[in-house]
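Please open the structure in your viewer and keep the sequence panel beside it. The tour below moves from one selection to the next and says what is to be found at each stop.

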Protein chains: 2
Amino acid sequence: MLQAFPILAQMPDLTVFQYNIVDNIFSMTVATMGAAALFFFMGRSLVKEAYRPALMVSGIVVAIACYHYFMIRHSWQDAYALGENGYSGTGAAFNDFYRYADWILTVPLLMVELVAVLRLPAGRARSLLTKLVVAAAAMIALGYPGEVIASPEGWTARVIWGGLSSVPFFYILYVLWVELTNSLKTQPKAARKLIELARLVLLITWAVYPIAYALGGTPAALEAKAGGSVDASGIVALQVGYAIADMAAKAGFGVLIYFIARAKSSADESEGATTDPTLAPAAA
Amino acid sequence: MLQAFPILAQMPDLTVFQYNIVDNIFSMTVATMGAAALFFFMGRSLVKEAYRPALMVSGIVVAIACYHYFMIRHSWQDAYALGENGYSGTGAAFNDFYRYADWILTVPLLMVELVAVLRLPAGRARSLLTKLVVAAAAMIALGYPGEVIASPEGWTARVIWGGLSSVPFFYILYVLWVELTNSLKTQPKAARKLIELARLVLLITWAVYPIAYALGGTPAALEAKAGGSVDASGIVALQVGYAIADMAAKAGFGVLIYFIARAKSSADESEGATTDPTLAPAAA
């Protein structure tokens with residue numbers, strides 16, 4: 001598959017409007033991720049110590065994504081030049097690997113921030129994390145060979161890689177759904193609704209990835225990627241879809257983690273308050 | 001040896017795929033090191049004060065590496081230009097010294113972070129650090145003259161420098177292995193498994209450096225480096241090998257140091273808790 005890389009990349013021609021949608025969404029993603037990093041880092045002091053690791057990891061996830069979207073945008077600008085008829089390729093390839101490098105680093109960390117905020121018993125947290133991190137790595141590694149296919153003849157291979165990648169993908173969603181549902185009973189009442197919401201946000205934002213992957217890999221999209229003079233809207237949809245999904249799944253999900261941490265912090269406190277009177281006589 | 005430097009560097013021709021693997025792994029290393037720096041710096045507040053110097057030094061190590069990989073990547077991009085047949089040299093040399101500057105600064109600090117987290121008695125820590133820092137400096141200084149050899153005729157000289165550099169290299173591994181094994185008895189139970197793991201990670205990640213050095217210095221690789229029209233995969237293997245080893249030996253090793261610090265922090269705490277009842281009557 002890999003020898004199929006052309007020497008000069010043949011990026012499909014784009015209208016000024018198409019080019020700018022992608023360029024602008026990349027910039028907005030940089031701003032969103034950077035702002036989210038500031039929020040999670042500074043928000044640490046607003047939750048109890050037990051929940052600070054979860055916010056720290058949430059902040060690191062969006063900081064990594066901020067770096068990658070900055071580089072992705074540069075690669076986009078390097079790949080295109082403005083001409084009389086809109087934007088056409090310069091011969092430099094748009095670098096898909098940035099996004100995969102980002103996912104390799106951040107998706108396992110997303111699992112860590114979620115498990116950290118739940119504060120499950122140590123043994124259960126460890127076995128859960130092992131399963132999730134291994135599956136996340138497999139999912140991303142299996143998706144990449146399909147993602148870099150850029151010719152209509154590779155469509156079948158792309159579908160196969162996408163299918164293989166979907167196995168750990170659905171496994172992760174299943175494990176998270178079951179675990180989040182199980183953990184609800186042990187969570188303070190105030191956090192339950194938020195965890196139910198996190199469960200839903202996870203399902204919806206993660207659903208965007210296979211859809212974007214499919215949109216970017218239709219035979220027409222692959223023909224556009226190979227420089228064919230067809231409509232390039234599949235490429236645009238892929239980039240915009242991934243960017244929006246990344247903002248929701250990293251910054252949006254992190255905000256939910258923050259609210260769960262806040263709710264659990266004040267639940268722990270009021271619990272502490274009710275036990276104080278019991279301790280007071282004993283201490284006296 | 002040094003007068004053999006040509007004015008214009010003759011970088012071997014690379015395919016787009018070969019160039020991109022190296023370029024992408026450099027970018028991913030920048031992201032990994034930067035994320036690790038954030039993690040270690042913020043993680044200081046999650047361990048007891050006694051272990052904060054170890055995390056601070058871990059963070060400084062990866063911050064230095066983040067800077068150097070950013071510069072290494074720039075040097076890589078300056079050394080190559082995309083043409084009709086893939087990437088060929090621009091005449092600017094790829095700067096190997098960045099990596100050696102990084103190692104001169106970070107390898108002694110890696111020894112410091114390890115000795116700091118063990119919290120050995122002051123006298124023993126000092127004598128151990130002196131041995132390790134001197135050996136680390138000798139190891140890097142002796143490796144560099146071999147690394148910059150870029151002609152097949154220099155192969156013997158490269159092997160000799162590599163051999164000389166291996167003496168302090170194996171001395172460091174020997175000293176660390178013996179010291180880590182000795183320190184196990186004095187460490188809290190929860191930290192022992194982690195220290196055994198750190199001992200193993202050290203041995204495995206450090207083994208990559210001589211292997212990468214050897215791969216980048218085969219007669220074929222040196223011929224490619226001198227601009228010969230042979231396969232340049234040795235150069236690619238060298239860069240990828242060093243980058244992965246640096247990520248594991250600095251960011252990965254630092255994460256282990258963090259877990260050791262966490263385990264020892266809570267061991268110190270529970271020790272404190274069990275002595276409290278004994279102290280309470282005495283205080284009353």
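## A tour by selection

Begin by selecting Ala135(B), which has its place in helix α4 of chain B, the helix that spans residues 122-147. The model on screen is a predicted one, and this should be kept in mind at each stop. Ala135(B) has a relative accessible area of 7%, and because buried means under 20%, this residue counts as buried. If you now show its surroundings, leaving out residues up to four places away in sequence, you will find that Ala135(B) touches Pro168(B), Tyr171(B) and Ile172(B). For a longer reach, draw a distance from the C-alpha atom of Ala135(B) to that of Lys250(B): the two are 115 residues apart along the chain, and their separation is 18 Å.

Next, select Glu179(B), which is placed in helix α5 of chain B, residues 155-183. Is this glutamate buried or exposed? With a relative accessibility of 14%, Glu179(B) counts as buried. Once its neighbours within four places in sequence are set aside, Glu179(B) is in contact with Leu120(B), Arg124(B) and Leu128(B).

**Aromatic rings in chain B**

Over all chains, the count of aromatic pairs comes to 38. To look at one of them, select Phe26(B) and Tyr69(B), whose ring centres are 6.0 Å apart and whose planes stand at 55°, so the pair is tilted. This pair links distant parts of the chain, since Phe26(B) belongs to helix α1 (residues 16-43) of chain B and Tyr69(B) to helix α2 (residues 52-79) of chain B, 43 residues apart. Both Phe26(B) and Tyr69(B) are buried.

Keep Phe26(B) selected and add Phe94(B): here the ring centres lie 6.2 Å apart with the planes at 10°, so the pair is stacked. Phe26(B) lies in helix α1 of chain B, whereas Phe94(B) lies in the loop between β2 (86-89) and α3 (97-118) of chain B, so the pair ties together parts that are 68 residues apart in sequence. Phe26(B) is buried, with a relative accessible area of 0%, and Phe94(B), at 10% relative accessibility, counts as buried.

**Across to chain A**

Now move to chain A, where ring pairs link Tyr19(A), Phe26(A), Tyr69(A), Trp76(A), Tyr80(A), Tyr87(A) and Phe94(A) into a cluster. Two further selections in chain A show an arginine placed over a ring. In the one, Arg158(A) lies over the face of Tyr213(A), at 4.4 Å from the ring centre; in the other, the charged end of Arg199(A) sits over the ring of Trp177(A), 4.3 Å from its centre.

Then select residues 80-83 and 86-89 of chain A, which are strands β1 and β2; the two run antiparallel and are joined by 4 bridges. With 2 residues between them, β1(A) and β2(A) form a hairpin. Within this hairpin, Ala81(A) has Ser88(A) in β2(A) as its bridge partner.

**Cysteines and the relation of the copies**

How many disulfides are there over all chains? The count comes to 0. Select Cys66(A), which is in no disulfide, and you will find that the nearest cysteine sulfur, that of Cys66(B), is 13 Å away.

To finish, display chains A and B together. Chain B can be laid on chain A with an RMSD of 0.1 Å by a turn of 74° and a shift of 0.1 Å along the axis. That is the relation of a five-fold axis.

How values were computed:
Residues are numbered from 1 along each chain as its sequence is written. Chains are lettered from A and ligands numbered from 1 in the order in which they are written. This is a predicted model: local features need pLDDT of at least 70, side-chain atom pairs count only at pLDDT 80 or more; totals for chains, interfaces and linings use all residues. Side-chain values use heavy atoms; hydrogens and water are left out. Buried means under 20% relative accessible area, exposed over 50%, partly exposed in between (1.4 Å probe, protein chains only). Contact means heavy atoms within 4.5 Å. Copies are superposed by least squares on the C-alpha atoms of residues with pLDDT of at least 70 in both. Two strands pair if DSSP finds at least two bridges between them. A disulfide is a pair of cysteine sulfur atoms within 2.5 Å. Rings of Phe, Tyr and Trp (its six-membered ring) pair if their centres lie within 6.5 Å; planes under 30 degrees apart count as stacked, over 60 as edge-to-face and the rest as tilted. A charge sits over a ring if NZ of Lys or CZ of Arg is within 6 Å of the ring centre and within 35 degrees of the ring normal.
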